[in-house]
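Visitor: I would like a close look at one part of this structure, the surroundings of the ligand. Please go through that part slowly and then show how the rest of the chain is laid out.

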Amino acid sequence: MEIVAVIPQEGIMPLRITVIGTGYLGATHAACMAELGFEVLGLDADPKKVEQLSAGILPFHEPGLPELLREHTSSGRLRFTTSYEEAGAWGDVHFIAVGTPQKAGDHAADMTYVDNATLSLARCITKDALIVGKSTVPVGTARRLRELVAQVNPDVSIDLLWNPEFLREGFAVKDTLTPDRLVVGGGTPEAVAVLREVYASALASDTPFIVTDLETAELVKVAANAFLATKISFINAFAEVTEHVGGDIRTLADAIGLDKRIGRRFLNAGVGFGGGCLPKDIRALQARVSELGLDRTMRFLSEVDEINLRRRERVVHLATEILHELDGRKITVLGVAFKPNSDDVRDSPALDVAAQLFNAGADVSIYDPEAMNNARLRFPRLNYAESLDEALDGSHLTILLTEWQEFVQLKPSHLEHLVESKALIDGRNVLDHDEWIESGWHFESLGRRSELVLTEAGSGS
Ligand SMILES: NC(=O)c1ccc[n+]([C@@H]2O[C@H](COP(=O)([O-])OP(=O)(O)OC[C@H]3O[C@@H](n4cnc5c(N)ncnc54)[C@H](O)[C@@H]3O)[C@@H](O)[C@H]2O)c1
């Protein structure tokens, strides 16, 4: 899609946009708004992050974003601050993009960040303005905040809308500049018209613009994530069956995926979903509907969550079966990011499996193209190799857990002279089973009957 930049008309001040919370979502949104031609001020409570972003340094990995950040911080169109006074006095449209993590010891979302950010901002707004929520929140949040905003600052007119974000890490710039759809909940017609101006570039390419109420806007986001999580756990439940009875989960997924009503995407059997969104969003949704008295409504999501977590146990179980015991055995884990093209290790299935293997006594060596620093911060006691070859050196078992392209392209010949034993678990179903078997490897993958079972039954290759 062509990006249509905002061209300021003579005598008309272009909208000034602030983005409150400049993590994955906020930093991307701020840089993309600047790319569209707006003057943008990002605000974060973390002064170190503000310092880095102001210097044009992106504190996380996201393809295409460093270039936008550098360009627009150098031109002065994109600035960062920690000051709510500055943001409240300067901005016309304020996007809320702070985190909504899972509460410690509870399934519900921790709303303190969204509440604090919105009210700190509202208190400092000195002219009529819009607050636009982008964070993923439990239904009812926006209506509650709208009342609180009016209470803390009755002196100016502040409208509050919800505009949930659907960007995917790894594709965040593209998804922000050319989204599949835009959803806007609440707000007067004038407020919605302002958002049309903000998103004029996407709207010029006929991006669907769905205007609805606050509750629907909040629910659209969690419904989308609940659906995607369910689809992944659905195929992984079938993987449990094919592991038991035989069969090929990839062919099964291809065959049902050809049905246009089902579709092939998100039907990749493997070690399951993770990251900073899907796991906490399905838990928060269940917690919220229970709070509303609808205890049974989203109960199936507990199963979705459990199937997902069982996939991690399956990998540990397979590793134990292959090595007989884990104590002192060297296991190479390929990938610790929760998905490729990201350095995010929040609730990463790969890092969880690596930690479980380590806790069971294995000597775990990790390699990931981008996520090593984040993983080291979360789990400092694992071995972090400098290179793929160093990670593989002397390995008794190799486990592929994040499908980075460089791992998908691996050939048996690359590993053979490095590893101690030719044993591999493909935790993402991305390698060619026959190729590895033909090269003499003990090859296991999720959704396939174990080679160990086949060998014991006398029918293995
Ligand atoms: N990461 C994604 O791919 C993605 C996609 C869609 C939606 N979301 C949603 O967006 C929200 C943000 O997610 P994220 O991944 O960017 O989180 P994040 O943890 O990367 O970023 C949150 C940022 O908010 C800042 N912050 C916290 N409290 C603040 C306050 N009171 N004032 C100013 N800044 C404050 C933090 O310092 C941090 O930089 C969440 O609700 C998430 O579910 C995320």
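Guide: What follows starts at the ligand, moves to the domains, and ends with some single residues.

This is a predicted model, in which local features need pLDDT of at least 70 and side-chain atom pairs count only at pLDDT 80 or more, while totals for chains, interfaces and linings use all residues. Residues are numbered from 1 along each chain as its sequence is written, and side-chain values use heavy atoms, with hydrogens and water left out.

The ligand is surrounded by 26 residues, and the closest are D44, K49, Y84, T100 and K280. A residue is near a molecule here if one of its heavy atoms lies within 4 Å of it. The shell is made up of 11 nonpolar, 7 polar and 8 charged residues. In this count Ala, Val, Leu, Ile, Met, Phe, Trp, Tyr, Cys and Pro are nonpolar, Asp, Glu, Lys and Arg are charged, and the others, Gly among them, are polar.

Three side chains have polar atoms at short listed distances from the ligand. For T100, a polar side-chain atom is 2.5 Å from an oxygen atom of the ligand. For D44, an N or O atom of the side chain is 2.6 Å from a ligand oxygen, and for K280 the corresponding distance is 2.6 Å. A polar contact is a pair of N or O atoms within 3.5 Å; within protein, one must be able to donate a hydrogen and the other to accept it, and residues adjacent in sequence count only if both atoms are side-chain atoms. On its own the ligand has 820 Å² of accessible area, and the protein covers 87% of this. Such areas come from the Shrake-Rupley method with a 1.4 Å probe; for residues, only the protein chains shown count as cover. Helix 1 (24-35) and helix 5 (112-124) are the elements that give two or more residues to the shell. Helices (H or I, at least four residues) and strands (E, at least two) are DSSP runs, numbered from the N terminus.

The chain is divided into domain 1 (16-212) and domain 2 (232-456), with bounds from an automatic or database domain assignment. Each of these domains gives at least three residues to the shell around the ligand. Their C-alpha centres lie 34 Å apart, and 17 residues of domain 1 are in contact (heavy atoms within 4.5 Å) with 17 residues of domain 2.

Now to single residues. R283 is part of helix 12 (residues 278-291). With a relative accessible area of 10%, R283 is buried; buried means under 20%, exposed over 50%, and partly exposed in between (1.4 Å probe, protein chains only). Beyond its neighbours within four places in sequence, R283 is in contact with Q102, H107, D305, L309 and D347.

R428 sits in the loop between strand 13 (423-426) and helix 19 (433-438). R428 is also buried, at 13%, and its side chain reaches the backbone oxygen of G272 at 3.1 Å.

Y367 belongs to strand 10 (residues 363-367) and is buried at 14% relative accessibility. Y367 and S387 are 20 residues apart along the chain, yet their C-alpha atoms are separated by 6.6 Å.

Finally, H324 lies in the loop between helix 13 (300-323) and strand 9 (330-334). Its relative accessible area is 68%, so H324 counts as exposed. The phi angle of H324 is near 70 degrees, a positive value in a residue other than glycine.
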